[in-house]
Amino acid sequence: MQLRCQYCLEIFGGKACLTPRFSIKSRRIILDRILSVDLPIVYHENYIAPLPSGHRFPMAKFRMLQEMLLADGVASPAQLRTPELLPQSSIELVHDRDYVRAYCDGTLDVKAQRRIGLPWSPALAHRTCIALAGTVLTAKLALECGLACNTAGGTHHAFPSFGSGFCIFNDLAIASRLLQKIGLVRKVLIVDLDVHQGDGTAVIFQNDSSVFTFSMHCEVNFPGTKQNSDLDVALPVGMEDDEYLQTLDKYLPDLLSNVKPDLVLYDAGADTHFGDKLGKLALTDTGLFRREMQVLTACLAGGYPVACVIGGGYCDDLNGLVYRHSLLHRAASQAYRQYRL
C-alpha cells in the first residue's frame, strides 16, 4: 500500500510519496522542499472551558499560550490553524462506544468523573473534543509540512473505557489510529516526555506493533501503577538538565533508526521543570529548550515528520508556566527555519 502526501505528489510529478521509506538523504531533500512556509501552529478559542473557582487544573494556560506566542513574535495570526470537530466514530477508534457516548451526553457517573478530575459540563465536553481534533490536525500538518505544533494536547492518561488524571480521550492514540485508517501513515512513534508515564497510551497500543510507545518519566510519581510501554525509562527524583538530556540521547536516535516511523507524535510535557508542583524532576528553562531542540533536530535530521503537543504543566505562576510551554514553539520555530535552509 502506497502512502500519498498531497505536497509530495506535486514535488514528484504525481508519483506516490513514500517519504519515510526513502534514504536519509532523500528524506532530507523532501523536507527541505516542503518546509516552505512558516511553522503551522494549531489553536482554537474553545481550548478553554470554565472550571470551578480554585480548581487546580490551569485551564487558562491554553489561551495565554496563544497570546504569548503572538505577543512575543513567535507566531503570527497567519500561522494559526483552527481545528474542526471530528465525528464520534473517530474517537471510537480508540475508546469504547458506551464511554464516549456517556461522556459526550453528560451521563458519565460521578465516580468516573472524579477519576478524571474535571467536573463535566457541556463546555468542557466540547473543549475536550475540539482539543483532540487539534492534535489530529497537527499530525496532518506535520505530514504535509514536516513539523507542526498544537497549543494543547497530550492526554495520555485516558484509557479505552475511562479517563484519568485530567485526561478524558487520548488524543495521541486517536490521531495515530485515524491517520492509519485513512492511509496517511503505517508506523507511528510516540515520544512521551511528560513527567508522568503515558499509562493510557501504553495500554491502548500494548498489542499493536504499528505504534511504538516510548515514555521517559519520573519513577516516583502519578500514576501509582505503571503500565508497560514498548520502552519505559524511569528517572530518579530530582534529575537535572545534563543527566536528563544525556539519558534522552541514549535512547532517541536509536529508536528513530530502528522504528523508522512515518510520523513522530511528541508529548512535550513542561511538568519536568523544577518549579512544577506535580512534577519531581529538576529541569530549568534552558534544559527544557535544549530538550525540545534535541528531539526536533533528531527527528528532522532523519527526515521524520513530527507533530508536537504541549503535555502537562502545573504551577500557580501561570505566566511562568505558559512561558515554559512556549519553549516548545520557540524551539520548533527555530528548527523549522533551520531545516528550511
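Begin by selecting helix α7, residues 122-145: α7 gives the most to the lining of the largest cavity, supplying six residues. The model on display is a predicted one, and the tour moves from this enclosed space to a second cavity, then to a pocket and two helix pairs.

**The largest cavity**

With α7 still selected, add helix α3, residues 61-71. Both α3 and α7 supply at least two residues each to the lining of the largest cavity. The volume enclosed there is about 310 Å³. To centre the view, select Arg127, Gly154, Thr155, Phe166 and Cys167, which are the closest to the cavity centre among the 29 residues of the lining. Colouring the lining by class will show 13 nonpolar, eleven polar and five charged residues.

**The second largest cavity**

How many cavities of 30 Å³ or more does a search of the whole structure find? The search finds two, and the second largest holds about 30 Å³ of space. To display its lining, select Ile190, Asp192, Gly198, Thr201, Ala202, Thr213, Phe214, Ser215 and Ser229. The elements giving two or more residues to this lining are β4 (188-192), α9 (199-204) and β5 (211-218). Of the elements, strand β5 gives the most, with three residues. By class, the lining of the second largest cavity comprises three nonpolar residues, five polar residues and one charged residue.

**The second largest pocket**

Next, select Arg56, Phe166, His196, Phe222 and Leu278. Of the 14 residues lining the second largest pocket, these are the closest to its centre. The pocket contains about 200 Å³ of space. Its lining divides into five nonpolar, five polar and four charged residues. Keep Phe166 highlighted for a moment: Phe166 is among the residues closest to the centre of this pocket, and Phe166 is also among those closest to the centre of the largest cavity.

**Helices α3 and α12**

Return to α3 and add helix α12, residues 318-338; the two axes come within 9 Å and cross at roughly 60°. That angle makes α3 oblique to α12. The crossing in which α3 passes α12 is right-handed. To inspect the contact, show the side chains of Lys61, Met64, Leu65, Met68 and Leu69 on α3. On the α12 side, show Leu318, Asn319, Leu321, Val322, Tyr323, His325, Ser326, His329 and Arg330, which these α3 residues meet. The residues of this contact fall into eight nonpolar, four polar and two charged.

**Helices α10 and α11**

For the last stop, select α10 (residues 241-259) together with α11 (residues 285-301). Are these helices roughly parallel or roughly antiparallel? Their axes come within 11 Å and cross at roughly 10°, and that makes α10 roughly parallel to α11. The crossing is right-handed. On α10, display Asp241, Asp242, Tyr244, Leu245, Leu248, Asp249, Leu252 and Leu256. Their partners on α11 are Gly287, Arg290, Arg291, Gln294, Val295, Ala298 and Cys299. Colouring this contact by class gives eight nonpolar, two polar and five charged residues.

Conventions: Residues numbered from 1 in each chain as written. Predicted model: local features only at pLDDT ≥ 70, side-chain atom pairs only at ≥ 80, totals over all residues. Heavy atoms only, no water. Axes fitted to C-alpha atoms, helices over the stretch in contact; angles between N-to-C directions. Helix = DSSP H or I, 4+ residues; strand = E, 2+ residues; numbered from the N terminus. Parallel < 35°, antiparallel > 145°, perpendicular 65-115°, else oblique. Left-handed = near helix turned anticlockwise from the far one by under 90°. Contact = heavy atoms within 4.5 Å. Nonpolar A, V, L, I, M, F, W, Y, C, P; charged D, E, K, R; others polar. 1 Å grid on protein atoms, 1.4 Å probe; cavity = no way out; pocket = protein on both sides within 12 Å on 5 of 7 lines; lining within 4 Å. Points joined across faces, edges and corners; volume = space filled by probe spheres on them.
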